[in-house]
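Welcome, and please take a moment to bring up the sequence and the 3D view side by side. We will walk through them together, one part at a time.

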Amino acid sequence: MTDPKTTVLILGSAPSALAARAWSRTPFTHIVAINNAWRIREDWDYLIHPEDFPAERRPDKVLGTQHIVTADEYVPRQNDYGGFVYAGGTMAFTAGYWALSALKPDVLAFSGCDMMYSGSGRTHFYGNGTADPLREDVTLRSLEGKSARLGLYAAAQGCRTVRLSSAPSRLVFPSVNISDLTTVPLPVVTAMHNVRQIEDELGYYVASGRYWEVEHRFDPDEIDVLDRMWLRAYQLAVSENAARHGQTAAKVTQAQTIAT
């Protein structure tokens, strides 16, 4: 197997993210920690957090090789991919789009970003936290749809999106082992063009990124339609890849089931 030029680990704060402490750094060219996830490994390269991330939860020391990514950096980059209403207003997706723009990866590998909340027990590796996907938000009505969109935008620039866990997930990306980061076929992105055209026609774009200040502009029903279309587009890409590589239905990602 030939290692990709740029492999980015995006590390979230789910309890399962602690497994990353034991991983070798070798497969990853960059580690992007979201919010509190900088505590999991000392060798992170980028810490990305929203404007309201408490100062007391930020690292006391930042090495010369490390960089903190704030809204001034990630808002314009996410706007290049259509903006927060279409991309989804939670940091897992924001980190993904920022990495696509800033790092131009061959692989985006997510860990600790499954966004599954049972209602009991710890929500995060450090205890209980306030998770974005649990709040009412017009941009987070379908986490699956938003992840399908990210996966197709990544594929359009030659990047595979995977997740490094086998547990249930709201991300529709295929689950792989660290040693298999490049074995997943790159999705075919033909089906995404019609959805992008509808997004353009709706015009749900907020240059500041503060979409909640003008939320009255957005029709939830229209967003639901878009989410279903992104899921279906991703399903078509997965199905075509399965046919090309002779995979059985059992080996196709969960996106097929979710989208139907």
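The paragraphs below go from the sheet to a helix, then to the aromatic rings, a group of polar contacts and the cysteines. Please keep in mind throughout that this is a predicted model.

Let us begin with the sheet. Six strands make it up, and it is an open sheet with parallel pairing. Reading across, the strands come in the order S4-S3-S2-S1-S5-S6. At the edges you will find strand S4, residues 67-69, and strand S6, residues 160-163, each of which pairs on one side only. If you look from one strand to its neighbour, the average turn between them is 20 degrees, ignoring direction.

Now zoom in on one pairing inside this sheet. Strand S1 covers residues 7-11 and strand S5 covers residues 107-111; the two run in the parallel sense and are joined over five bridges. To find your place there, look for Leu 9, whose bridge partner in S5 is Ala 109.

Next comes a helix. H4 spans residues 143-156, which makes 14 residues. From its first C-alpha to its last it reaches 20 Å, close to the 20 Å expected at 1.5 Å a residue. Is this helix enclosed or open to the outside? Of the 14 residues of H4, 13 are buried, so the helix is largely enclosed by the rest of the structure. Just after H4 you meet Gly 158, which takes a positive phi of about 80 degrees.

The aromatic rings are worth a tour of their own. How many aromatic pairs does the structure hold? The count is 11 aromatic pairs. One of them is formed by Tyr 86 and Tyr 204, a stacked pair with 6.2 Å centre to centre and 20 degrees between the planes. These two tyrosines come from distant parts of the chain, 118 residues apart: Tyr 86 sits in helix H2 (residues 84-87), and Tyr 204 in the loop between helix H5 (192-202) and helix H6 (220-245). Both ends of the pair are buried, Tyr 86 with a relative accessible area of 6% and Tyr 204 with 7%.

A second pair brings us back to the sheet. Phe 110 and Phe 173 have ring centres 5.5 Å apart and planes at 35 degrees, so this pair is tilted. It too links distant parts of the chain, with Phe 110 in strand S5 and Phe 173 in the loop between S6 and H5, 63 residues apart. Phe 110 is buried at 2% relative accessible area, and Phe 173 is buried at 1%. Elsewhere, ring pairs link Tyr 81, Tyr 97, Tyr 153 and Trp 230 into a cluster.

From rings we turn to polar contacts. Asp 114 lies in the loop between S5 and H4, and with 8% relative accessibility it counts as buried. Which side chains does the side chain of Asp 114 contact? One polar contact goes to the side chain of Ser 165, at 2.9 Å, and another to the side chain of Ser 169, at 2.6 Å.

Finally, look at the cysteines. A disulfide is a covalent bond between the sulfur atoms of two cysteines. With a cut-off of 2.5 Å between cysteine sulfur atoms, the count here is zero disulfides. Cys 113 is buried, at 5% relative accessible area, and Cys 159 is buried as well, at 1%.

Technical notes. Residues numbered from 1 in each chain as written. Predicted model: local features only at pLDDT ≥ 70, side-chain atom pairs only at ≥ 80, totals over all residues. Heavy atoms only, no water. Buried < 20%, exposed > 50% of the residue type's maximum accessible area, 1.4 Å probe, protein only. Pairing = 2+ DSSP bridges. Helix = DSSP H or I, 4+ residues; strand = E, 2+ residues; numbered from the N terminus. Axes fitted to C-alpha atoms, helices over the stretch in contact; angles between N-to-C directions. Phe/Tyr/Trp six-rings, centres within 6.5 Å; stacked < 30°, edge-to-face > 60°. Expected span 1.5 Å × (residues − 1). Polar contact = N/O pair within 3.5 Å; in protein donor to acceptor, adjacent residues only side chain to side chain.
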